[in-house]
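Trainee: Could you take me through one part of this model in detail? I would like to see how the enclosed spaces and their surroundings are put together.

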Amino acid sequence: QLLGNQDHIKVELEKLKETYKSQQQKLEERVVTMEKLLQEAKAVAGDTQHRLAEQSAVLLSSQNQIQEVEAENSQLQLRLKKLNEEYRSRLTQYIKDVAEYMDSKSSSVAGPSQAPADRGPMKRFVDSMLKDIRTSYKSREEQLATAARGYKKRMKDLVKKHESLLIAYGLQREHVRSLGSSAVDCGPAELHFSITDPELLTNTTREINRLREANAKLEMQLHELQKVLEQGVSGKSLTGNRQLDAKGWAELRKQLQEFARTTQEGLEQERSQLLTRAVVAEEQVLELQKYIDKHLVR
């Protein structure tokens with residue numbers, strides 16, 4: 001029966017060969033199409049990276065230009081202030097000269113028989129006008145100085161409140177992490193919410209940001225170490241060699257959390273000391289500023 005069915009088997013084999021060839025041809029065409037798409041995607045990615053590099057270069061140059069323009073603007077403002085002071089002094093002198101000239105002309109017209117006045121009316125008027133102008137300038141400068149001091153004080157209060165919120169946020173993250181649940185997201189590190197404005201940063205806040213950056217690096221290293229240990233545990237369980245039980249893994253996680261907690265406690269303690277020193281220094285600066293405003297001006 002097998003010998004009799006050889007022709008049928010050959011026909012079936014030929015059909016299978018034809019089907020295999022057609023499928024292989026389709027597969028090769030699909031591979032060629034995928035290669036073309038991959039090359040196009042690589043070209044698009046390269047163009048995107050090139051544009052990103054160009055935009056980064058433009059951004060850096062723009063930032064440098066902004067810094068240069070800000071420096072030039074501050075210099076121009078200082079020069080404008082000096083020119084205003086010079087213009088004010090020259091204008092005051094011109095007004096005084098005009099007043100003296102008008103008084104001398106009026107006294108010469110009145111004649112020598114009239115008793116010379118101690119000071120002319122124009123001179124007295126100019127002196128009173130300049131006195132009023134100086135008083136208004138002084139009051140305005142005092143108002144601006146008071147407003148600037150109030151603004152700085154409010155900004156310092158906001159920075160202190162922000163630091164307090166960051167401390168509370170860090171404690172909350174540590175509490176969530178101490179629960180031991182790996183599925184719970186503790187949120188970004190404290191460094192993500194730190195103040196980066198150079199005008200609001202003091203030496204203390206810069207040091208605190210540096211400590212936060214070091215803490216974030218330690219957290220990343222700890223997370224990578226946990227991943228490596230988990231991969232090692234899964235690999236050992238698959239090969240059937242040494243295997244960590246649940247108790248050993250919990251103990252290891254506890255040791256890692258204890259290391260992170262002690263490191264963070266040390267950093268928090270150092271930060272609190274720096275904050276205390278900063279508060280004392282700010283109080284001393286305020287006392288010195290009050291002494292300068294009250295005594296040295298007088």
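**Helix H2 and the cavities**

Mentor: Happy to! Let's start with helix H2, residues 121–178, whose 58 residues reach 85 Å from the first C-alpha to the last, close to the 86 Å expected at 1.5 Å a residue. Keep in mind that this is a predicted model; its mean pLDDT is 77, and 81% of the residues reach 70 or more. Among the elements, helix H1 (residues 6–110) has the highest mean pLDDT, 85, and helix H3 (residues 203–239) the lowest, 69. Over residues 113–117 the pLDDT is below 50, and this stretch has 0 contacts beyond near neighbours in sequence. Where pLDDT is low, the predicted coordinates should not be read in detail.

Back on H2, the buried residues include Leu130, Glu163 and Arg173. Leu130 is in contact with Thr92, which also touches Arg134. Thr92 lies in helix H1 and counts as buried because its relative accessible area of 16% is under 20%.

Now for the enclosed spaces: the whole structure has 2 cavities of 30 Å³ or more. Arg173 helps line the second largest, together with Ala189, Glu190, Leu191, Arg212, Asn215, Ala216 and Glu219. That cavity holds about 40 Å³ of space, and H3 gives the largest share of its lining, 4 residues. By class, the lining has 3 nonpolar, 1 polar and 4 charged residues.

The largest cavity holds about 70 Å³. Glu190, Arg212 and Asn215 are among its lining residues too, as are Ile208 and Leu267. H3 and helix H4 (246–296) are the elements that give two or more residues to this lining, which has 3 nonpolar, 2 polar and 4 charged residues.

Note on methods. Residues are numbered from 1 along each chain as its sequence is written. This is a predicted model: local features need pLDDT of at least 70, side-chain atom pairs count only at pLDDT 80 or more; totals for chains, interfaces and linings use all residues. Side-chain values use heavy atoms; hydrogens and water are left out. The expected span of a helix is 1.5 Å times one less than its number of residues. Buried means under 20% relative accessible area, exposed over 50%, partly exposed in between (1.4 Å probe, protein chains only). pLDDT is the predictor's confidence in each residue, from 0 to 100. Contact means heavy atoms within 4.5 Å. On a 1 Å grid over the protein atoms alone, a cavity is a set of points where a 1.4 Å probe fits but cannot get out, and a pocket is an open set with protein on both sides within 12 Å along at least five of seven lines; lining residues have an atom within 4 Å of a point. Grid points are joined across faces, edges and corners, and a volume is the space filled by probe spheres set on the points. Ala, Val, Leu, Ile, Met, Phe, Trp, Tyr, Cys and Pro count as nonpolar, Asp, Glu, Lys and Arg as charged, and the others, Gly among them, as polar. Lists of a residue's contacts leave out its neighbours within four places in sequence.
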